[in-house]
Amino acid sequence: MRVLVTGATGVVGRPLVGALRARGHQVSALVREESRAKAPDADAVVVADALDRQGLLSAVAAVRPEAVVHQMTALRLLRDDPAAAFARTARLRAEGTAGLVEAAREAGARRLVAQSIAFAAAPAGGPVLDEEAPLYVDAPDPGWAATVRAVAELERLVLGGPGPAGAGPAGPGSAGPGPEGVVLRYGTLYGPGTAYARTGATGQAVLAGRLPLPEGAAGITSFLHVEDAVGAAVAAVESETTGVFHVTDDEPAPAAQWLPHYARTLGGPAPRTVPAALAPRLLGWFVAHQLTAARGAANGRARTALGWRPGRPSWRDGLGAE
Ligand SMILES: NC(=O)c1ccc[n+]([C@@H]2O[C@H](COP(=O)([O-])OP(=O)(O)OC[C@H]3O[C@@H](n4cnc5c(N)ncnc54)[C@H](OP(=O)(O)O)[C@@H]3O)[C@@H](O)[C@H]2O)c1
């Protein structure tokens, strides 16, 4: 199949190009002008910025993909400029996805597979939620609420859901049926190049003793190794199934379990405990939420409908080891 991977220089995108080629697909990589030199070894490379609609339309048309994979974020900026990382990622999720859906449709692509996140659900109900749980679009933190609204918009655009009143099925500019959409809600990524790698931002914070455990630490995280994110994207490209899927390991875990294990594996100090009420001030709203209130994400639907299963069923098999 002719497959176009966007975000092809990224943590997931780069190994995905190799994995798809190993399966016999003809793979094109979309990169930006400034990252052309970092382009992966693909059958073809096309250059466009996803926020430049016309450039994106031309680049996608040039390779006539049957399937398009969206792995674009600007989260690499997180360490240096978190506000810009979130703002630009929100634009990529809304505007960038709208452009990509249009480009895929105009190029005649049959499938569109897009990266989303499995930790955007509102913290209500049981400790582990399925894909029907409402997203936390009204989170009390304005930054996280904006992130989750952009995630919801990405998912709506990819799945072709109803847009703003009168805008038609795929929102403004929609003309004719778009590609079949698959949303892969990745769990918290770990492995090479991620924030949880030894050299990543979270790894460094834990090694420096800067990630304490709020008392109780009952927030649940569902992890995912990068290799399993790649495997799920390959399965989604090759499947006929559409819809939204949690792509997570089999062992959603409370922070009280995974954080001390992670610190030990990294060889860092045991995390100290802090009063839960101080956590938002010490850690910022999102990290405090993740460690105290977040819910895990069940992967049953991806197993059944995509035939995917994690090669690393538990974060215990490698979180902090790379
Ligand atoms: N589920 C999760 O836990 C999760 C999800 C996402 C990210 N993260 C974390 O965030 C960090 C980055 O991971 P990632 O794979 O999302 O990001 P990444 O490795 O930075 O990959 C993002 C890709 O998007 C591309 N891109 C960015 N802006 C673009 C634009 N305007 N037009 C076209 N392409 C554009 C980048 O290309 P350039 O090389 O040109 O910049 C890159 O190929 C990691 O630490 C990861 O752990 C975690």
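What follows walks through the cores, helix contacts and a few single residues of this predicted model.

The nonpolar cores make a good starting point. In general, nonpolar side chains in soluble globular proteins tend to be buried together. Here, the largest nonpolar core runs to 32 residues. Val 5, Leu 16, Leu 20, Leu 184, Tyr 186 and Trp 308 are the residues with the most contacts inside it. Two or more residues come from each of β1 (2-6), α1 (13-22), β2 (26-31), β4, β7 (180-186), α6 (226-238), β12 (243-247) and α10 (300-306). The top contributor to this core is α6, which supplies nine residues. As for Val 5, once neighbours within four places in sequence are set aside, its contacts are Gly 13, Leu 16, Val 17, Leu 20, Val 27, Ser 28, Ala 29, Leu 30 and Val 69. There is also a second, separate core, with 28 residues, and Ala 59, Val 60, Leu 154 and Val 158 are among them.

Next come the helix pairs. Packed helices are described by two quantities, the angle between their axes and the distance between the axes. For α1 and α6, the axes come within 9 Å of each other and cross at roughly 50°. That angle falls between the roughly parallel and roughly perpendicular ranges, so α1 is oblique to α6. The crossing of α1 past α6 is right-handed. On the α1 side the contact is made by Pro 15, Leu 16, Ala 19 and Leu 20, and these meet Val 226, Val 230, Ala 233, Val 234 and Val 237 of α6. Sorted by class, this contact has nine nonpolar residues, with no polar and no charged ones. Leu 16 and Leu 20 turn up here and are also on the list of residues with the most contacts inside the largest core.

The pairing of α2 (53-63) with α3 (82-107) brings in other classes of residue. Their axes come within 9 Å and cross at roughly 35°, and the crossing is right-handed. From α2, the residues involved are Arg 53, Leu 56, Leu 57, Val 60 and Ala 61. Their partners in α3 are Gly 96, Gly 99, Leu 100, Glu 102, Ala 103, Ala 104, Glu 106 and Ala 107. The breakdown for the contact of α2 with α3 is eight nonpolar, two polar and three charged residues.

Helix α3 also packs with α4 (142-159): the axes come within 9 Å and cross at roughly 10°. An angle under 35 degrees counts as roughly parallel, so α3 is roughly parallel to α4. Phe 86, Ala 90, Arg 93, Ala 94, Thr 97, Ala 98 and Val 101 represent α3 in this contact. They meet Thr 147, Ala 150, Val 151, Glu 153, Leu 154, Leu 157 and Val 158 in α4. By class, the α3 and α4 residues split into 10 nonpolar, two polar and two charged. Leu 154 and Val 158 of this contact belong to the second core as well. Ala 90, in α3, counts as partly exposed because its relative accessibility is 22%. The C-alpha atoms of Ala 90 and Ala 8 are 82 residues apart along the chain and 19 Å apart in space.

Further along the chain, α9 (residues 285-292) has Ala 288, His 289, Gln 290 and Leu 291 buried. The buried residues of α9 pack against β8 (188-190), β9, β10, α7 (255-266) and α8 (279-283).

A few loop residues round things off. Two non-glycine residues have a positive phi. Arg 64 has a phi of about 40° and sits in the loop between α2 and β4 (67-70). Ala 217 has a phi near 40° and lies in the loop between β9 (213-214) and β10 (220-221). With a relative accessible area of 3%, Ala 217 is buried.

Ser 239, in the loop between α6 and β12, is buried too, because its relative accessible area of 12% is under 20%. Not counting residues up to four places away in sequence, Ser 239 touches Arg 111, Ala 305 and Leu 306. Ser 239 and Glu 102 are 137 residues apart in sequence, with 22 Å between their C-alpha atoms. Glu 34, by contrast, is exposed, at 67% relative accessible area, and is found in the loop between β2 and β3 (44-47). From Glu 34 to Gly 125 there are 91 residues in sequence and 45 Å in space, C-alpha to C-alpha.

Notes: Residues are numbered from 1 along each chain as its sequence is written. This is a predicted model: local features need pLDDT of at least 70, side-chain atom pairs count only at pLDDT 80 or more; totals for chains, interfaces and linings use all residues. Side-chain values use heavy atoms; hydrogens and water are left out. Helices (H or I, at least four residues) and strands (E, at least two) are DSSP runs, numbered from the N terminus. Buried means under 20% relative accessible area, exposed over 50%, partly exposed in between (1.4 Å probe, protein chains only). A nonpolar core is a set of buried Ala, Val, Leu, Ile, Met, Phe, Trp, Tyr and Cys residues joined through side-chain atoms within 4.5 Å. Contact means heavy atoms within 4.5 Å. Axes are lines fitted to C-alpha atoms, for helices over the stretch in contact, and angles run from 0 to 180 degrees between N-to-C directions. Angles under 35 degrees count as roughly parallel, over 145 as roughly antiparallel, 65 to 115 as roughly perpendicular and the rest as oblique. A crossing is left-handed if the near helix is turned anticlockwise from the far one by less than a right angle, and right-handed if clockwise. Ala, Val, Leu, Ile, Met, Phe, Trp, Tyr, Cys and Pro count as nonpolar, Asp, Glu, Lys and Arg as charged, and the others, Gly among them, as polar.
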